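Before the details of a fold can be discussed, it helps to have the sequence and the coordinates side by side. Please look over both before reading the account below.

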Amino acid sequence: MNESERKVVQKFRERTTQESLPEGLRVVCRVTGGMPSEHIEEEFTLYASNKAHVKKREILGTAIPQEGSSELQPNETRELLQQIAEGLDCLVTRSEAHFLPDSSVGTITIEVDGEELTLYFLADEEERLMQNKPITPQMDQAVRQISTLSQGLLLNDEVNNE
């Protein structure tokens, strides 16, 4: 990570500890890739205003793209933002991201006051072990929480559309 990227991370960390989360704070977690028969694209966006939005698309499946949105509890938003802030050091920049073909690659894009930084990681726990690309327990917990929230938002959207 270069100096300007470190400054974005530091600013993000500082903002997540403020008593009132600032409006200019946003996180986008994307997961793309996988084996051709299992290829997915998923995007989870979390805003400091406690709004969460998810989009998921299975490339080869017959399912249409799914979307869902909800408002989270303020403490849930803060906790997730802080877990992400604590775990950022284990992620790598685009120039450092080297993964095997057909890997499920995750990105975390943090936005603070209009400045963005995207960092990469292997989304699948087994792939992280096989390729020796671990992430911190905080980031692992954040990724799991995002996955759980995403599934809930998509399920809730399916129920509301029936």
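The following report goes from the nonpolar core to a helix pair and then to single residues.

**The nonpolar core**

The structure described here is a predicted model. Its largest nonpolar core has 35 residues, and those that touch the most other members are Phe12, Phe44, Ile84, Leu88, Ile108, Ile110 and Met139. Two or more residues of this core come from each of helix 1 (3–16), strand 1 (25–33), strand 2 (40–47), strand 3 (51–58), helix 2 (74–87), strand 5 (104–112), strand 6 (115–122) and helix 4 (137–161). Among these elements, helix 4 gives the most, with 7 residues. As a general background, nonpolar side chains in soluble globular proteins tend to be buried together.

Ile110, one of the core residues that touch the most other members, shows which parts of the chain meet there. When residues up to four places away in sequence are not counted, Ile110 touches Val8, Val9, Phe12, Arg26, Val27, Ile84, Leu88, Glu115, Glu116 and Leu117. Three of the names in that list, Phe12, Ile84 and Leu88, also belong to the group of core residues that touch the most other members.

Val9 offers a view of the core from helix 1, where this residue has its place. Its relative accessible area is 3%, and Val9 is therefore buried, since the cut-off for that class is under 20%. Beyond the four nearest places in sequence, Val9 touches Met1, Leu88, Ile110 and Leu117. By contrast with these contacts, the C-alpha atoms of Val9 and Thr32, which are 23 residues apart along the chain, are separated by 23 Å.

**The pair formed by helix 1 and helix 2**

Helix 1 and helix 2 pack with their axes 9 Å apart and at an angle of about 150°, so helix 1 is roughly antiparallel to helix 2. Their crossing is left-handed. On the side of helix 1 the contact is made by Phe12, Arg13 and Thr16, while helix 2 contributes Arg78, Leu81, Gln82, Ile84, Ala85 and Glu86. By character, the residues of this contact divide into 4 nonpolar, 2 polar and 3 charged. Phe12 and Ile84 take part in this contact and are also listed among the core residues that touch the most other members.

**Helix 2, the loop after it, and helix 4**

Gln83 lies in helix 2 and is buried, with a relative accessible area of 15%. Leaving out residues up to four places away in sequence, Gln83 touches Gln138, Met139, Gln141 and Ala142. Another glutamine, Gln145, lies in helix 4 and counts as partly exposed at 23% relative accessibility. With the same kind of exclusion of sequence neighbours, Gln145 touches Glu76 and Leu80. The C-alpha atoms of Gln145 and Ile135, 10 residues apart along the chain, are separated by 15 Å.

Asp89 is found in the loop between helix 2 and strand 5 and is exposed, with a relative accessible area of 54%. Although Asp89 and Arg6 are 83 residues apart along the chain, their C-alpha atoms are separated by 9.4 Å.

**Helix 3**

Arg128 is found in helix 3 (residues 125–130). At 7% relative accessibility this arginine counts as buried, and, with neighbours within four places in sequence left aside, Arg128 is in contact with Phe121, Leu122, Ala123, Lys133, Pro134, Ile135 and Asp140.

**Two loop residues with positive phi**

Asn50 has a positive phi although it is a residue other than glycine, and Asp113 likewise has a positive phi without being a glycine. Both are loop residues, and the table sets out their places and values.

| Residue | Loop | Phi | Relative accessibility |
|---|---|---|---|
| Asn50 | between strand 2 and strand 3 | near 75° | 13%, buried |
| Asp113 | between strand 5 and strand 6 | about 50° | 43%, partly exposed |

Asn50 is thus buried in the loop between strand 2 and strand 3, whereas Asp113, in the loop between strand 5 and strand 6, is partly exposed.

Notes:
Residues numbered from 1 in each chain as written. Predicted model: local features only at pLDDT ≥ 70, side-chain atom pairs only at ≥ 80, totals over all residues. Heavy atoms only, no water. Core = buried A, V, L, I, M, F, W, Y, C linked by side-chain atoms within 4.5 Å. Buried < 20%, exposed > 50% of the residue type's maximum accessible area, 1.4 Å probe, protein only. Helix = DSSP H or I, 4+ residues; strand = E, 2+ residues; numbered from the N terminus. Contact = heavy atoms within 4.5 Å. Axes fitted to C-alpha atoms, helices over the stretch in contact; angles between N-to-C directions. Parallel < 35°, antiparallel > 145°, perpendicular 65-115°, else oblique. Left-handed = near helix turned anticlockwise from the far one by under 90°. Nonpolar A, V, L, I, M, F, W, Y, C, P; charged D, E, K, R; others polar.
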